[in-house]
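Here are some notes for a colleague who is opening this structure for the first time. They begin with a single residue and then widen to the elements around that residue and to the chain as a whole.

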Amino acid sequence: MRFDVACTPDPRAAFTPRAPELWFEVGFGGGEHALALANANPGIGLIACEVFEQGLCSLLARLVPEGGEAETALPGNLRLWDDDARDLLRQMPDASVSRLFLMFPDPWPKSRHAKRRFVHPALLPELARVVKPGGIWRIASDDPTYQAWVGEVLAGQSLFAVPPPAITRPEGWPPTRYEAKALAAGRTPLYWEVTRRG
Ligand SMILES: C[S@@+](CC[C@H](N)C(=O)[O-])C[C@H]1O[C@@H](n2cnc3c(N)ncnc32)[C@H](O)[C@@H]1O
């Protein structure tokens, strides 16, 4: 169920059956959000990326109970990418992604590490290239430095239409493990849903 790089020119062909629409999640952590999306939306193809090996193991453990490897059918609408999401996104065709998910990205709060942030002016044109006109990019963060940074970066571009962020998780957004930690610690996440301009 690893995304087959041979399919990058036509990524929807990586799913069985071929997916009519492609969604893409960056940094799925334990995988609960990716699995919820895949289960609730059987008609789409989701590529879920995570570099942290423990996260991948956690998602696979949810899918395949120990000892059940032989009997468990893996979702045909989910493909995993166990490497840097940016590398794969750079290979995706123009306007190939209908929905992009970035849930609680690593905030890299020190300014000298700002270039590592996923929301970054240097990456925006690439994201705008792969997200189709009218396509949606969801971003959530609980980190005040990152929240301010996202606000600033999004205010400085015209590729995506940016309504104000919500302060409670909008309906239809599955919860994530980091969100639960943030709420338990008394932090207030912000939730952006921005739309690729046509
Ligand atoms: C703070 S965690 C949030 C995990 C999950 N989205 C959640 O909300 O519970 C951020 C995750 O993104 C992953 N990550 C960071 N940069 C990445 C990249 N470029 N490609 C894929 N995964 C990445 C990290 O390994 C980490 O597991």
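1. A good place to begin is Ser-98, which is buried, because its relative accessible area is 9% and burial here means a value under 20%. Please keep in mind throughout that the model is a predicted one.

2. As to its setting, Ser-98 belongs to strand S4. Once its neighbours within four places in sequence are set aside, the residues in contact with Ser-98 are Glu-21, Leu-22, Trp-23, Lys-132, Gly-135 and Ile-136.

3. Which strand pairs with S4 in the parallel sense over 6 bridges? The partner is S5, and within S5 it is Ala-140 that stands opposite Met-103. Strand S5, which spans residues 131-141, is mostly covered, since 8 of its 11 residues are buried.

4. Helix H1, made of residues 32-40, deserves a look of its own, for its buried residues are Glu-32, His-33, Ala-34, Leu-35, Leu-37 and Ala-38. In general, an α-helix has 3.6 residues a turn, so residues three or four places apart point the same way.

5. Against what do the buried residues of H1 pack? Four strands and two helices are to be named here, namely strand S1 (22-26), strand S2 (45-49), strand S3 (78-81) and strand S4 (97-103), together with helix H2 (53-63) and helix H6 (177-184). Strand S4, the element that holds Ser-98, is thus met again from the side of H1.

6. Turning to the chain as a whole, the secondary structure consists of 6 helices and 7 strands, and reading along the sequence gives the pattern β-α-β-α-β-α-β-α-β-α-β-α-β. The radius of gyration is 16 Å, close to the 16 Å that the globule rule gives for 198 residues, so the chain is as compact as a globular protein of that length. Taken along the principal axes, the box filled by the C-alpha atoms is roughly 50 × 40 × 35 Å.

7. Two figures describe the interior and its contacts: 47% of the 198 residues count as buried, and, among contacts between residues at least 6 apart in sequence, 75% join residues that are at least 24 apart.

8. On the outside, the accessible surface of the chain comes to about 9700 Å², and carbon and sulfur atoms account for 55% of that surface. The chain carries 22 positive and 23 negative charges, and the mean positions of these two sets are 6 Å apart.

Terms used
Residues are numbered from 1 along each chain as its sequence is written. This is a predicted model: local features need pLDDT of at least 70, side-chain atom pairs count only at pLDDT 80 or more; totals for chains, interfaces and linings use all residues. Side-chain values use heavy atoms; hydrogens and water are left out. The radius of gyration is taken over C-alpha atoms; the globule rule is 2.2 Å times the number of residues to the power 0.38. Buried means under 20% relative accessible area, exposed over 50%, partly exposed in between (1.4 Å probe, protein chains only). Contact means heavy atoms within 4.5 Å. Accessible areas come from the Shrake-Rupley method with a 1.4 Å probe; for residues, only the protein chains shown count as cover. Lys and Arg count as positive and Asp and Glu as negative; His and the chain ends are not counted. The place of a charge is taken as NZ of Lys, CZ of Arg, CG of Asp or CD of Glu. Two strands pair if DSSP finds at least two bridges between them.
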